[in-house]
Amino acid sequence: SSKFNMTTPRLKAKKQLCHGFRGDPEWANPIIVTRCDTEARPGYNSCKAHEYREEPEVLTQKIKMLADLIRKAKRCTAYTGAGISTSSGINDYASKAKDSKALQRPVLKTPLAAKPTLAHRVLAGLHKAGHLHHWVQQNHDGLPQKAGYPQYALNEIHGAWFDPSNPVVKMSGSLRDDLFAWMLKEEKQTDLCLAMGTSLCGMNADRVATTPAKKALKGKALGTVIVSLQQTKLDHLASLRIFATIDEVMEKLAAEMELDYDKQGVPYCYPRPTDKVFWGKRCYVSKAMPIVGRCYRSKNSKPQLYLCGSSYDALPPLEKENYVELEKPNKKENAEMVDVFDVPYDKNGKLLPEGKRDSMLRLDLREGAKIIMKYGSFEGDKGMVLGLNSQGHFQIALKHDVEKEYHHGQKHRPRSRRTMGRFMVEAAVNGQLDHLPFVNRTNDK
């Protein structure tokens, strides 16, 4: 029995708006927990900023249905807005009430220092388990990657703080052509969309949610699940509608699916230099770079070959005799190789085909290294690596042409600072980016 009685204030709406068209009409309507008559997104196609919560037993049933949909999905895409990041301390746009459940958050010195929320970590776990295939991220915060979600399966459609080639798009700007084309491709393939923390107020990218939702109404897809505390203008299209915080839904979903995910929340970061990291050394079997932990070098072959510990362990006993284990890295050599990477790209930053990676491009990200942008909005602009920020990501200074029209809609100042996330570097080392944002300049021509 419910602890809420018949006089509890509830959402007064049709059952489909409360639960989605796959929902049980017997389920109780969500409870009003915060009243606010302000528009969630003034100037957009949004609803009032009232907030609602499911009754516990209804939420349990909805989580079971959500898990079932995810297990059935052939192509599941997450579509997330600012609401997924609020519990990390990053502001959203739609939480207006002073006592909003979404406004209870830590205070950050800088948004770049935000840690991934439980929801980010569970979504990364869903991907690792093979259930989540793609993620269209409206935010710019890098929290999916910090949660361990791979860069290559993430479309940061509105810009990214950790990708210098993808500046944040102003409302007057236009989406980057390649990211827009990628979004259209995924829109067609998606049979289940998880729309979470987005007010769905008419952005171009909302098509990621509306297309599978409309297909589902015709029986041609599983549809769209909308998770947020507030109503949206697209609730009538939802297969399943859940009124709750995203972290709460994701935590219960992980339990229901017995999902393995990172419960600690320490931001994932590509290895930093220590005496156990062999920088500039690539395992010729696993292709991993740098080699972390044990490192072995061939005794006789030229050029010398290097192996990581696991590749060495897999060798037959006789072959192991051809290798010698290196002691901790030579300090002088290590100092020179910190933050220098061999990556499978050509001199213009374009990914080399699988069979043509004998000659790697050296990417020098040490302080003072000169660069030129080779892709994205700032293509052709020159800059320099300034060093590392407090989280270990690369700080970059760029010079801009103030007369140039940049796609993201900003008449740009002569100089700007950008950040290159370590997860971007890792994706480059593994050949998972189609293009490098920039390459080194060997001269100033």
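Strand 3 spans residues 76-80, and five of its five residues are buried, so the strand is largely enclosed by the rest of the structure. This is a predicted model. In a regular strand, side chains alternate between the two faces of the sheet. Strand 3 shows two sets of side chains: Cys76, Ala78 and Thr80 point one way, while Thr77 and Tyr79 point the other way. Both sets are buried.

The partners of strand 3 come next. Strand 6 (residues 192-196) pairs with strand 3 in the parallel sense, over five bridges. Strand 4 (residues 134-137) also runs parallel to strand 3, and four bridges join the two. Ala78 is a useful landmark here. In strand 6, Leu194 stands opposite Ala78. In strand 4, the residue opposite Ala78 is Trp135.

Helix 6 (residues 207-217) belongs to the same region. Its buried residues are Val208, Ala209, Thr210, Pro212, Ala213 and Ala216. An α-helix has 3.6 residues a turn, so residues three or four places apart point the same way. What covers the buried residues of helix 6? The cover includes strand 3, strand 4, helix 5 (177-189), strand 6 and strand 7 (223-227). After helix 6 comes Gly219, with a positive phi near 80°.

The loop leading from strand 6 to helix 6 holds Leu200. Leu200 has a positive phi of about 45°, although it is not a glycine. Is Leu200 buried or exposed? Its relative accessible area is 2%, so Leu200 is buried. Glu258 also has a positive phi, about 50°, and is not a glycine. Glu258 sits in the loop between helix 7 (246-256) and strand 9 (277-278). With 76% relative accessibility, Glu258 counts as exposed. Another backbone feature is the cis peptide bond between Lys302 and Pro303, with omega about 0°. Pro303 lies in the loop between strand 11 (295-298) and strand 12 (306-308).

Now to the nonpolar interior. In soluble globular proteins, nonpolar side chains tend to be buried together. The largest nonpolar core here has 41 residues, and Leu123 and Met250 touch the most other members. Elements giving two or more residues to this core are helix 2 (56-72), strand 3, helix 3 (118-128), strand 6, strand 7, strand 8 and helix 7. Helix 2 supplies the largest share, seven residues. What surrounds Leu123? Beyond its neighbours within four places in sequence, Leu123 is in contact with Ala78, Thr80, Ile84, Leu132, Trp135, Tyr149, Leu194, Met196 and Met250. That list brings back Ala78 and two residues that stand opposite it, Leu194 and Trp135. A second, separate core has 33 residues, including Trp279, Val385, Leu398 and Val425.

Aromatic rings add further links. The whole structure has four aromatic pairs. One of them joins Tyr52 and Phe243 edge-to-face, at 5.6 Å centre to centre and 70° between the planes. Tyr52 lies in strand 2 (residues 51-53) and Phe243 in the loop between strand 8 (240-242) and helix 7, so the pair ties together parts that are 191 residues apart in sequence. Tyr52 is buried, with a relative accessible area of 3%. Phe243 is buried too, at 0% relative accessibility. The ring of Phe243 has another partner: the charged end of Arg241 sits over it, 3.9 Å from its centre. Elsewhere, Lys263 lies over the face of Tyr261, at 4.4 Å from the ring centre.

The last stop is Thr419, in strand 19 (residues 415-420). Thr419 has 6% relative accessibility, so it counts as buried, since the cut-off is under 20%. Which residue makes a polar contact with the side chain of Thr419? The side chain of Gln395 does, at 2.9 Å. Gln395 is also among the residues Thr419 touches, leaving aside those up to four places away in sequence. The others are Leu112, Trp161, Phe162, Asp163, Pro164, Asn389, His393 and Phe394.

Key: Residues are numbered from 1 along each chain as its sequence is written. Side-chain values use heavy atoms; hydrogens and water are left out. Buried means under 20% relative accessible area, exposed over 50%, partly exposed in between (1.4 Å probe, protein chains only). A polar contact is a pair of N or O atoms within 3.5 Å; within protein, one must be able to donate a hydrogen and the other to accept it, and residues adjacent in sequence count only if both atoms are side-chain atoms. Contact means heavy atoms within 4.5 Å. Two strands pair if DSSP finds at least two bridges between them. Rings of Phe, Tyr and Trp (its six-membered ring) pair if their centres lie within 6.5 Å; planes under 30 degrees apart count as stacked, over 60 as edge-to-face and the rest as tilted. A charge sits over a ring if NZ of Lys or CZ of Arg is within 6 Å of the ring centre and within 35 degrees of the ring normal. A nonpolar core is a set of buried Ala, Val, Leu, Ile, Met, Phe, Trp, Tyr and Cys residues joined through side-chain atoms within 4.5 Å.
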